[in-house]
Structures are given as structure tokens and as C-alpha cells.
Amino acid sequence: MSALLEVDGLSKRYRRGGKDFAALDGVSFEIAPGETLALVGPSGSGKSTVARILLRLVVPDAGSIRFNGEELLGLRGGALRARRAKLQMVFQDPLAAFNPRATVAGLIDDPLRIHGIVERAARPRAITALLKRVGLATELAGRRVHEISGGQRQRVAIARALATRPALIVLDEAVSALDVLVRADILSLLAELQRDEGVAYLFISHDLGAVRAIAHRIAIMDGGRIVEQGDAATVIAAPTSATGKALVAATPALPVFPGLPAFKETVS
Amino acid sequence: MTQLLELRGLGVRYKGVAAPALEGVDLDLATGERLAIIGESGSGKSTLARAVAGLLPQTATLQGTIAWPGLDRPASNGRDIGFVFQDPASSLDPVMSVGDQVAEVAHANLDLDWRAARRLAVELLDRVKLPEPAALARAYPHQLSGGQKQRVAIAAAIVARPRLLIADEATSALDTIVQAEIVALIRRLVAEDGMALLFVSHDIALAANLADRIAVFRHGRMVEIATTAELISRPKTDYSRALLAAHLGLDAHAEAST
């Protein structure tokens, strides 16, 4: 299968405190259509810099990003906007990412309008369909973002990302700030959307437990480099890098008590 | 085992909010016991921690009683209770050296002069495993990493040898590896000093690895309390079961990734 996203040799240096410091040092990875790759690492490992470069918020010093076989770096204006419709993003805190005065319907209408996805007359129906798609009641359409819960806001962010029928969604710590029950629901929703629509995810997280629930492959980052990359089950069962081992060891597990039944974990 | 803390019918209301933040909580904490308070946003878990430490806003109204059977005076924050907050960046003073922030708690609560308090602060920075504690004592919070700042906050919380350490989501803002280090540190300090621990967290697995008992809160009420082994293996309420089911560990999720 040919890759949807090919990131090759991405490097970025910053000056901090008068010293040169490598935020990214030769980062390469690929994502196939419909696949979830998780970028996992401790704070400062460079995973969010990768997301910012994909969004073109940060310009790398070296490297290339090919999306559907086409180089993204260097694209501008309408050409970039057309490609970007297929590459969407969901952040950790959607309240901070949204205009607080916007309504739920208005937020979902933005990408439909900007990218000309559907005719003006058909947009209300498209908004209703997207709300249903992410499990939100259509009555929420007129609410403002501060009037809905954190989990509902993250569903709105996902609906907004889905509006342009993207091939790839970058999820940057997208479930990290959610309550545990809400987080489980959002992970289930993401898995369901991937199954139904074949969207690929770049799932950026420091939480290996959440990664385990959603990723096909894992790339572990530390110090601006990918130190280990492989099939999710293999990386978690037998990490080879020091960072991978430390992350696995540090992820809390429910203790098992002798003589008592272990709690049976179930993921819906 | 002697009783350290007795809560009876504890309720808290915040001004301008119709629903109580906490309602009808009866809870005992024994000397040296490690109790985890688990819940989601709005469960009242942080309100409980703040009520015990006397840190509620003045506009909050309190119902019921908070009693310290072994104390013949009201418990005071710093001397009897050490409190560690979620965000060390906002709980530390940005313009005071970290050594002085630890020393100040010792000076205020232990009848030590500043010289002795500063010496003790360096000892504490060493106890929480900060590198080169004598030099680090002169550093300011912005020069430290998030994990290092939380170690300073813990040093300040325990310097006066409190009977109770309250950690309110003290590891939630840290990455997984640093979180595990801070949990290990709290476990060691509590054991060494015989402190009781109130560990407030949304993470049931993290809590289960640290606590003797777990209390589960929801919408301001305590829905279940049991020993850690009982709660993990035989949860009695649907809500506890749901929280356990939502835990994302590294085992038993094979079906989710296919």
C-alpha cells in the first residue's frame, strides 16, 4: 500500500538561552490510508513540533512532507488550502481553539463554507448529518461553545475536522484533558469513524494507555528523534529503546490481588 | 490504629451555584493511612481536599464537621497538613528562590530561625531527590522543569512534618515518566514519615497503586468506599465498574487496535 503521508528527514533547530537546540533531528515516518500512527514521548520530545510543522505553523530547516505523493512544504495560498482540506487537526482544548461566541452550527459551517464542500442551501442538512455522525443531539446546533461540556466540545471539533472529508486527522493530545469516561467514548467514536470512513490518524500523546487503545503502529520520540517505531502490540509488549521501556514501565496498571478476581477490562 | 481525621455530614456550597459541590460525606482517615479520592470533573474531590485543608474560598458555605481527634487545636495548613497542588508553576512564588520557599514553611511552623530553616530546606531538597540541592536552593521556579518544580512543592509541603499530606491531582500535569517518579517519591516519603495521605486523582489505576483504601466520588457524593483490593476486584456500584472499565492500561485491549 502506498503511503498517504511520508515525512522524511524533518529537522528543526531553535535558539534557546543563546544555545542552539535541536527540537527535531531527522524525523521520518509514514502513514498508510486508514491507519493510525501514534507519536508518543515525554514532554519536550518534539512530538508537538511535528504537528506544528504539518500544519505549516512552523517551517522546518530540512526535510520533506509528501501528502498523497505531493510535497506540502513550499505550497502557498489556494494550492495549500486545497490540500489542507484533506489534512485536519484536533487539539487538546477545543474551547481555546474556538471563537467563544460561535455557535456549534457556525463552527461546523466554517469548513463547509471555506472549502466549498456543499452548496449553501444544503449546508444546514450537512451540519445536522455531521452532528449525528459524532453522536451529538441536533438540538445542540444553536448552543455556544461555553454552554456545552468538554466531551461535547471535542465532538464538535471532530465534526469540524470531518466536514472536509479529510484523509488524515492529526489528533494532538486530543483526549488527554477529558474525563476518563468521556475519553473512552471519544476513542470509541474515533475508531468507529476510521472504520466507516477510512480516515487515517496521527495520534500524538504522552499516554501509552490511550495509544494502546487506538494505534496500529507506534513511533516513540525522545530528544527530537524517533527512537523506536513498530507495530503497536510489539512496541508495548517488548519495547527496545530506553524511552519505550520507561514509558511502558511508567504507565499505571490496575493491580491484581492474590485470591481476588482481576477486574475484567472491557472496551466498547 | 488511631483516628486522624473524622468528617461527618460534610457539605460544601459555592456562592451562586445551585447544586452543592459536596454533600453528606462521612469519612474517617486513620493515622498513617493512604486514602485515594477518585472522581471525574465536578465530583467534589478537590472540594473535599480543600475543605479539609481550610483552603475553600471565603464565600463557600460549609456544613457538617471536620474533626481532628488527636489535636487539641484546629489543624493548620503547613504544620499539620501539607498540600501539593496540580500545577507547581502557579503554586510556587516566581520571584522567591525555591530554597527560601521551603525554608519559609519551616520558619513559620517549626520555630526555627532563617539560618536553620534554610539549612533544613537544603536537606529537604535532597530528600525529594533534587540534584545539587545546595546550589538548586538558590534557583528560581522558572529555571526548573515541571517535575523538579513539583519536587520543590512536595519538599515545602512536608518540611514541617505534617500528619497529613494532601496531593490534589499532583501528577496530572506531568508526563507519564515524570508522573511515575513523583508517585514513587510520594510513596517513599509517606512511608518514611508515617504521614497519612489523601491522594486526589481522576486516575483509578494510579490511585490503586498507592492507596490502602479508595473512595469514589460523583456529583458531590461519595458513592463507594472500600479497600483498594475490594474496590478493584469487587466494585459494588455501576459507577465504580464504569470507571474501572474506562481505564486504559497496556493489557487486554488487543481487540481495540485491530
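Helices (H or I, at least four residues) and strands (E, at least two) are DSSP runs, numbered from the N terminus. Hello everyone, and with that in hand, let me walk you through this structure.

Please keep in mind that this is a predicted model, where local features need pLDDT of at least 70, side-chain atom pairs count only at pLDDT 80 or more, and totals for chains, interfaces and linings use all residues. Residues are numbered from 1 along each chain as its sequence is written, while chains are lettered from A and ligands numbered from 1 in the order in which they are written.

Let's begin with chain A. Its secondary structure comes to 10 helices and 10 strands. The radius of gyration, taken over C-alpha atoms, is compared here with a globule rule of 2.2 Å times the number of residues to the power 0.38. For chain A the radius is 19 Å, close to the 18 Å that the rule gives for 268 residues, so the chain is as compact as a globular protein of that length. Along the principal axes, its C-alpha atoms fill a box of roughly 55 × 55 × 40 Å.

Now, burial. We call a residue buried if 20 or more other C-beta atoms, placed from the backbone, lie within 10 Å of its own C-beta. By that count, 43% of the 268 residues in chain A are buried. Why is helix α1 of chain A, residues 47–54, largely enclosed by the rest of the structure? Because six of its eight residues are buried, among them A:Val50, A:Ile53 and A:Leu54. Just after α1(A), A:Arg56 takes a positive phi of about 70°.

Over to chain B. In strand β5(B), residues 81–84, B:Ile81 and B:Phe83 point one way and B:Gly82 and B:Val84 the other, and all are buried. Strands pair if DSSP finds at least two bridges between them; β5(B) and β6(B), residues 164–168, run parallel and are joined by four. One such partnership links B:Ile81 with B:Leu164.

Finally, where do the chains meet? Contact means C-beta atoms, placed from the backbone, within 7 Å, and 32 residues of chain B are in contact with 36 residues of chain A. On chain B's side, the largest share, five residues, comes from α10(B).

Let me close with B:Thr176, which sits in helix α7 of chain B. Is B:Thr176 buried or exposed? B:Thr176 is buried, with 24 other C-beta atoms within 10 Å. Across the interface, B:Thr176 touches residues including A:His206, A:Asp207 and A:Leu247. Thanks for listening!

Definitions and conventions:
Two residues are in contact if their C-beta atoms, placed from the backbone, lie within 7 Å. A residue is buried if 20 or more other C-beta atoms lie within 10 Å of its own, exposed if 12 or fewer, and partly exposed in between; C-beta atoms are placed from the backbone. Lists of a residue's contacts leave out its neighbours within four places in sequence.
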